[in-house]
Amino acid sequence: MSPFVSILLILTWIAMGTAYGQEPASLLPEEEKPEPPTCVFSGMTWEGSSISGLGYFLEGNREEDSEFIEVFLPNGGRSRKYAYYGKLPLVFYRAIEVEKEEDDPKEETPELLEEDEPVEIVYQPIVAAPLKPGMKDVFLFFKKGEGEKESYQLMPIDFDPVGFPAGSYWFFSHCQYPLRIQCGLDDQALPALGQRMIKARLDEFGDLVVRVYRKQGAVTRKVYSTIWNYNPRARLLVFMMPSPNGVIIRRVTDLVKEEKALGLRPPKEDRKGE
């Protein structure tokens, strides 16, 4: 047998051994996907301090074995994402400690008075999110109500990347008067308390120039003008609020990427064996 034939036989044996040692691609385990939630949400506030201590029940009900998840809503930036598996509406509660009422109260003695009073947790409903059926990825804007009692107004925004893709700028007006927006190469009207989504198109210099105009009587004034940084992977929520000198603009930047939501559960088949 020639050396060349021997080398070919050795290579053939190595290839066959490698093939037998591998598992077919179709039999390899796939990464298990979590159980689809009713929706995934994030949120923010920009009035006063950040909001902490609010929470929701993962399943939507207040049974003793229901999991209660606290949320943190930062001032001026988007929170992390949270998963919700209950029915609509999504209700937010605040957990409050109250003194527990005993069925057979004992006579108070100095020894009993020194001990800590028994307490229980009561979940007080604060606000319900008015979500539309079918909204799967939601951004909740929390606006604090007036008065001493804790209250909020919620503004839900459909945050699905399909309808709100990267490179888009979603303008929301909180002004009682119409505005005109120049964003890059686009020039569009924004009605009072209206909204408009614009896909960014840079000018010939590669800049994204943003200008806002307000018409007062027969005169149109420019009330905002600047150049914004552009990231093709980012999308922006732009809130426009009234000001004596024009408008105040607050921007929330979001990078379109995979993000695991707090509260996601494994597939139902896995949970049956727990």
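The paragraphs below lead through the strands, the cores and several individual residues of this structure.

The model is a predicted one, in which local features need pLDDT of at least 70 and side-chain atom pairs count only at pLDDT 80 or more, while totals for chains, interfaces and linings use all residues. Residues are numbered from 1 along each chain as its sequence is written, and side-chain values use heavy atoms, with hydrogens and water left out.

A convenient place to begin is the sheet built by four strands, which is open, has the order E3-E2-E5-E6 and is paired in the antiparallel sense. Strands, like helices, are DSSP runs numbered from the N terminus (E, at least two residues, for strands; H or I, at least four residues, for helices), and two strands are said to pair if DSSP finds at least two bridges between them. The edges are formed by strand E3 (68-73) and strand E6 (119-129), each of which pairs on one side only. Neighbouring strands of this sheet are turned by 45 degrees against each other on average, direction ignored, where the axes are lines fitted to C-alpha atoms (for helices over the stretch in contact) and angles run from 0 to 180 degrees between N-to-C directions. Within the sheet, strand E5 (residues 90-99) pairs with E6 in the antiparallel sense over ten bridges, and Tyr-93 stands opposite Pro-125 in E6.

Ahead of E5 there is a backbone feature to inspect: the peptide bond from Leu-88 to Pro-89 is cis, with omega near 5 degrees, and Pro-89 is found in the loop between E4 and E5.

From the strands one can turn to the nonpolar cores, each being a set of buried Ala, Val, Leu, Ile, Met, Phe, Trp, Tyr and Cys residues joined through side-chain atoms within 4.5 Å; buried means under 20% relative accessible area, exposed means over 50%, and partly exposed lies in between (1.4 Å probe, protein chains only). The largest core has 27 residues, and Phe-41, Tyr-56, Val-71, Leu-90, Phe-92, Leu-140 and Phe-142 are those with the most contacts inside it. Several strands, including strand E1 (39-44), strand E2 (51-57), strand E7 (137-144) and strand E8 (152-158), each supply at least two residues of this core. Phe-41 touches, among others and not counting residues up to four places away in sequence, Tyr-56, Val-71, Leu-90, Phe-92 and Leu-140, contact being defined as heavy atoms within 4.5 Å. Apart from the largest core lies another, of 22 residues, among them Cys-175, Tyr-177, Tyr-224 and Ile-249. Cys-175 counts as buried at 0% relative accessibility, and Cys-39 is likewise buried, with a relative accessible area of 1%. A search of the whole structure finds zero disulfides, a disulfide being a pair of cysteine sulfur atoms within 2.5 Å.

Further along the chain, strand E15 (residues 234-243) is mostly covered, with nine of its ten residues buried. Five bridges join E15 to E9 in a parallel arrangement, and Ser-173 has Met-240 in E15 as its bridge partner. Ten bridges join E15 to E16, and these two strands run antiparallel; they form a hairpin with two residues between them, and Met-241 has Ile-248 in E16 as its bridge partner.

Ser-168 lies in strand E9 (residues 168-173) and is buried, with a relative accessible area of 2%. Leaving aside neighbours within four places in sequence, Ser-168 is in contact with Met-197, Ile-198, Lys-199, Ala-234, Arg-235 and Leu-236. The side chain of Ser-168 also reaches the backbone oxygen of Pro-165 at 3.1 Å, a polar contact being a pair of N or O atoms within 3.5 Å, of which, within protein, one must be able to donate a hydrogen and the other to accept it, residues adjacent in sequence counting only if both atoms are side-chain atoms.

Another hairpin is formed by E10 and E11, with two residues between them, and Gly-184 in its turn has a positive phi of about 65 degrees. Leu-193, in the loop between E11 and strand E12 (195-199), has a positive phi of about 60 degrees although it is not a glycine.

The last stop is Pro-267, which lies in the loop between strand E16 (246-255) and helix H3 (268-272) and is buried, with a relative accessible area of 17%. The C-alpha atoms of Pro-267 and Lys-33 are separated by 6.7 Å, although these residues are 234 residues apart along the chain. Leaving aside neighbours within four places in sequence, Pro-267 is in contact with Glu-32, Lys-33, Pro-34 and Glu-35.
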